[in-house]
Amino acid sequence: MKLLIGNKNYSSWSLRPWLGLKVAGIAFDEQMHNLYAANARDERLQFAPTAKVPVLIDDEITIWETLAIAEYIAERFPLAKLWPHDVAARAHARTVCAEMHAGFVALRTACPMDCRSRKSATMSAEVQADVDRIVALWADCRERFGIESSEGEFLFGHFTWADAFFAPVVTRLVTYGIEVPAAATLYMNTVLALPAMQEWLAAAEVEPWTAP
Ligand SMILES: N[C@@H](CCC(=O)N[C@@H](CS)C(=O)NCC(=O)O)C(=O)O
């Protein structure tokens with residue numbers, strides 16, 4: 001299996017499947033693609049009709065949307081438990097991943113992922129509303145599905161796709177020094193402490209590319 005990813009410092013969508021695969025211990029080859037190279041779009045078009053990363057290639061199967069990649073990996077590796085076992089928890093995990101995939105445009109636009117930088121954000125009402133919703137969503141997942149499972153400190157107890165989907169948000173909150181309640185900080189620290197997350201951040205730190 002090969003995962004084509006963008007620059008680790010900047011490519012939030014690439015982080016999600018990469019992190020899921022790594023935490024689950026699933027072997028894969030990683031192919032780095034510099035999003036800012038002169039011929040980058042043409043290069044991406046060779047892999048995906050959308051000319052976007054990430055792209056997962058498994059023999060003859062090519063998948064170029066992160067949600068679809070997540071579903072494929074979960075289906076192919078059920079023992080990795082990347083979705084919660086319980087049907088209600090699983091439905092909820094899928095819902096929050098879809099919400100992340102489709103939403104939070106204000107936060108994503110105002111605070112693009114830039115793992116290794118520290119800067120301030122212009123906190124418009126829309127950006128603050130996104131942050132408030134994310135913090136509430138995390139608290140709700142923990143309360144309803146995480147705490148009782150006693151399987152860990154992640155949104156649904158043990159690590160699931162939901163944590164992978166929100167991992168880029170965690171880096172954004174750190175990069176832009178956005179204040180969140182203590183419970184959210186605790187959750188962020190759980191994500192940041194993952195060895196795979198540390199590996200991604202260390203690689204982002206030393207990448208030679210800078211976004212234009
Ligand atoms: N809906 C896509 C979004 C992927 C995406 O926007 N990827 C960015 C990198 S993080 C990209 O390839 N950008 C290149 C471009 O838009 O030209 C997914 O879920 O995978």
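Q: At roughly what angle do the axes of H1 and helix H9 cross?
A: In this predicted model, helix H9 covers residues 195-206, and its axis comes within 9 Å of the axis of H1. The crossing is right-handed. H1 and H9 are oblique to each other, because the angle lies outside the ranges for roughly parallel, roughly antiparallel and roughly perpendicular. That angle is roughly 135°.

Q: How many nonpolar residues does the contact of H1 with H9 have?
A: On the H1 side, the contact is made by Ser14, Leu15, Trp18, Leu19, Lys22 and Val23. H9 brings Ala196, Met197, Glu199 and Trp200. By class, one residue is polar and two are charged, while the number of nonpolar residues is seven.

Q: How far apart are the axes of helix H1 and helix H7?
A: Helix H1 runs over residues 12-24 and helix H7 over residues 161-175. They pack at an angle of about 135°, which makes H1 oblique to H7. Their crossing is right-handed. The distance between the axes is 8 Å.

Q: Which class, nonpolar, polar or charged, has 10 residues in the contact of H1 with H7?
A: From H1 come Ser12, Trp13, Leu15, Arg16, Pro17, Leu19, Gly20 and Leu21. They meet Trp161, Ala164, Phe165, Ala167, Pro168 and Arg172 in H7. Two of the residues in this contact are polar and two are charged, and the class with 10 is nonpolar.

Q: How far apart are the end C-alpha atoms of H1?
A: H1 has 13 residues, and each one counts for 1.5 Å. The expected span is therefore 18 Å. The distance between the end C-alpha atoms agrees with this, at 19 Å.

Q: Which glycine takes a positive phi just after H1?
A: Inside H1, the buried residues are Ser12, Ser14, Leu15, Arg16, Pro17, Trp18, Leu19, Gly20 and Leu21. Just after the helix, a phi of about 75° appears, and the residue that takes it is glycine 25.

Q: Which proline follows a cis peptide bond from valine 53?
A: Most peptide bonds are trans. Here, though, the bond after valine 53 has an omega near 10°, so it is cis. The proline lies in the loop between helix H2 (40-45) and strand E3 (55-58). Its name is proline 54.

Q: Is threonine 66 buried or exposed?
A: Threonine 66 is found in helix H3. Leaving aside neighbours within four places in sequence, threonine 66 is in contact with Trp13, Arg16, Pro17, Pro54 and Phe165. Its relative accessible area is 4%, under the 20% cut-off, so threonine 66 is buried.

Q: What is the phi of lysine 81 near?
A: Most residues other than glycine have a negative phi. Lysine 81 has a positive value, and this residue lies in the loop between helix H3 (66-76) and helix H4 (87-102). The value is near 55°.

Q: Is phenylalanine 104 buried or exposed?
A: Phenylalanine 104 lies in the loop between H4 and helix H5 (105-110). Phi of phenylalanine 104 is positive too, near 55°. Because its relative accessibility of 7% is under 20%, phenylalanine 104 counts as buried.

Q: Which residues does arginine 94 touch, not counting those up to four places away in sequence?
A: Arginine 94 lies in helix H4. With a relative accessible area of 35%, it falls between 20% and 50%, so arginine 94 is partly exposed. Its C-alpha atom is separated by 35 Å from that of asparagine 39, 55 residues apart along the chain. The residues arginine 94 touches are Glu71 and Trp83.

Q: How far apart in space are aspartate 58 and alanine 193, C-alpha to C-alpha?
A: Aspartate 58 lies in strand E3 and counts as buried at 7% relative accessibility. Not counting residues up to four places away in sequence, aspartate 58 touches Met1, Tyr72 and Arg76. Alanine 193 is 135 residues apart from aspartate 58 in sequence, and the distance in space is 29 Å.

Q: Which helices do the buried residues of H8 pack against?
A: Helix H8 covers residues 182-192. Its buried residues are Ala184, Tyr187, Met188, Thr190, Val191 and Leu192. The helices that the buried residues of H8 pack against are H6 (125-146), H7 and H9.

Definitions and conventions: Residues are numbered from 1 along each chain as its sequence is written. This is a predicted model: local features need pLDDT of at least 70, side-chain atom pairs count only at pLDDT 80 or more; totals for chains, interfaces and linings use all residues. Side-chain values use heavy atoms; hydrogens and water are left out. Axes are lines fitted to C-alpha atoms, for helices over the stretch in contact, and angles run from 0 to 180 degrees between N-to-C directions. Helices (H or I, at least four residues) and strands (E, at least two) are DSSP runs, numbered from the N terminus. Angles under 35 degrees count as roughly parallel, over 145 as roughly antiparallel, 65 to 115 as roughly perpendicular and the rest as oblique. A crossing is left-handed if the near helix is turned anticlockwise from the far one by less than a right angle, and right-handed if clockwise. Contact means heavy atoms within 4.5 Å. Ala, Val, Leu, Ile, Met, Phe, Trp, Tyr, Cys and Pro count as nonpolar, Asp, Glu, Lys and Arg as charged, and the others, Gly among them, as polar. The expected span of a helix is 1.5 Å times one less than its number of residues. Buried means under 20% relative accessible area, exposed over 50%, partly exposed in between (1.4 Å probe, protein chains only).
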